[in-house]
Amino acid sequence: MLTGRRIVLGVSGGVAAYKAAYLARRLVEGGAEVRTVMTAAATEFLGTQTLAAITGSAPLLDLFGGDDPSPHTNLARWADAVVVAPATAATLARIAAGMSEDALSTTVLAAWGTPVLLAPAMHTEMWDHPATQRNVATLEADGYTLVGPESGALAGGDEGPGRMAEPEAIVAALVRMLGSGDLAGWRVLVSSGGTREAIDPVRYIGNRSSGKMGNAIAVAAAARGAAVTLVTSVPPPAGERLPIDVVSVETAQQMAQAVWSRAGDSHVAVLAAAVADFRPRDPAGTKLRRTDGTPAIDLEPTPDILQGVAAMSPRPFLVGFAAETGSLDEAVAKAQRKGVDLLVANDVAKEGSGFGTETNEVSLIMPDGTTEPWGLMSKREVADRLWDRIRKMRTGDPH
Ligand SMILES: Cc1cc2nc3c(=O)[nH]c(=O)nc-3n(C[C@H](O)[C@H](O)[C@H](O)COP(=O)(O)O)c2cc1C
């Protein structure tokens, strides 16, 4: 994802500095060469040796007294991109004002012309302060990219905006900024969750889908640089603040409209939602009462979303999902009948697989009926392997 990229990670002095170690690790795992620069306050929160051990080189702490006569300009010239995570209110203020008074802010100023990503982290009051908001506006106007902050639990038990974006989201933002993910330039449409079909204003016909598989597919694609639209009936992926465009729907009809109106403009559609096949023909306008006797609910078919996309011309590379309980025969028949490029059959009856679990056991089914069973793995791993396969099939690139 970031193979061969030279990334300078700047760490300033907030509690979230502990997450910078994990971020450094993710960058290294992504193939980047990483060098670090820390403020004096950052060293109060995170040991310099931790970053040195993860990245293979000691953090730059000071402009003076070292072997390098001009460490900030050399580091800035070396970098393909600079990430400051966490970026404290003070560090944001320094960069916004051009106050190059420590190794970090001086390196950022010297890196003018190089993409810089800032991941602010601070208490809500500090974030909301007009001075910080003025600085953020200035930084954005100057062309800096910000990722986060998120809303959530803060140090000291507080809650609100100010929490640093998760390392995963920072890596994804960096990949996107550099246009370097292996799915960069791809427009991807994903559906997730189960639909709800009204019986009356309080009851519905639904299913057990949690949306975790589809959400993992959307997250994985965004993390690899794709522009992702997620059509979903469940809350979108929490705590990841990835650049995902979320369209919330409830019924099969709404999902069909949302998917069909966007599929033509997508390179790939992965339809992982569990869509109702039938809905009440005539939902009651008011709550059905026990005293009125047992109602007969007449059903009618819902739109076939997968088939609708398969019939489009031109149409995206199309991946369908099938929830099965045991034999794959019906899934193989479905793959051939629906005209998809790939079908993922999901054994929802197996332990640790299917609805609501963190793991999944799937089989890939090709249009010619060949099947490829994958073992039990996390839903994120299924998602990444699926994107590897889709990429290979679309581009012919085996890597
Ligand atoms: C326990 C503790 C936690 C802090 N957390 C933050 C923080 O999350 N964000 C922030 O902007 N400042 C935070 N500060 C204040 C900064 O450490 C302080 O403003 C410092 O001067 C920042 O310097 P730097 O930007 O050079 O690293 C915290 C201070 C303490 C004592």
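A residue counts as near a molecule if its C-beta atom, placed from the backbone, lies within 6 Å of it. Keep that in mind as we set off through this predicted model.

**Stop one: the ligand.** Select the ligand and bring up its surroundings. You should find 15 residues around the ligand, and those that come nearest are Ser12, Gly13, Gly14, Thr39 and Thr88. Now colour the shell by class: nine residues are nonpolar, six are polar and none is charged. Which helix gives the largest share of this shell? Select residues 89-97 to see helix H5, which supplies three residues.

**Stop two: a pair of helices.** Next, select residues 17-29 for helix H1 and residues 167-178 for helix H9. Two packed helices are described by the angle between their axes and the distance between the axes. Here the angle is about 45°, and the axes of H1 and H9 are 9 Å apart. H1 and H9 are therefore oblique to each other, and H1 passes H9 in a right-handed crossing. To see the contact itself, show Lys19, Tyr22, Leu23, Arg26 and Leu27 on H1, then Pro167, Ile170 and Val171 on H9. By class, this contact has six nonpolar residues, two charged ones and no polar ones.

**Stop three: Met377.** Finally, select residues 371-378, which form strand E19, and pick out Met377 within it. Is Met377 buried, exposed or partly exposed? With 17 other C-beta atoms within 10 Å, Met377 is partly exposed. Leaving aside residues up to four places away in sequence, Met377 touches Thr359, Asn360 and Val382. Add Glu361 to your selection too: Glu361 and Met377 are 16 residues apart along the chain, and their C-alpha atoms are separated by 6.6 Å.

Technical notes. Residues numbered from 1 in each chain as written. Predicted model: local features only at pLDDT ≥ 70, side-chain atom pairs only at ≥ 80, totals over all residues. Helix = DSSP H or I, 4+ residues; strand = E, 2+ residues; numbered from the N terminus. Nonpolar A, V, L, I, M, F, W, Y, C, P; charged D, E, K, R; others polar. Buried ≥ 20, exposed ≤ 12 C-beta atoms within 10 Å, placed from the backbone. Contact = placed C-beta atoms within 7 Å. Axes fitted to C-alpha atoms, helices over the stretch in contact; angles between N-to-C directions. Parallel < 35°, antiparallel > 145°, perpendicular 65-115°, else oblique. Left-handed = near helix turned anticlockwise from the far one by under 90°.
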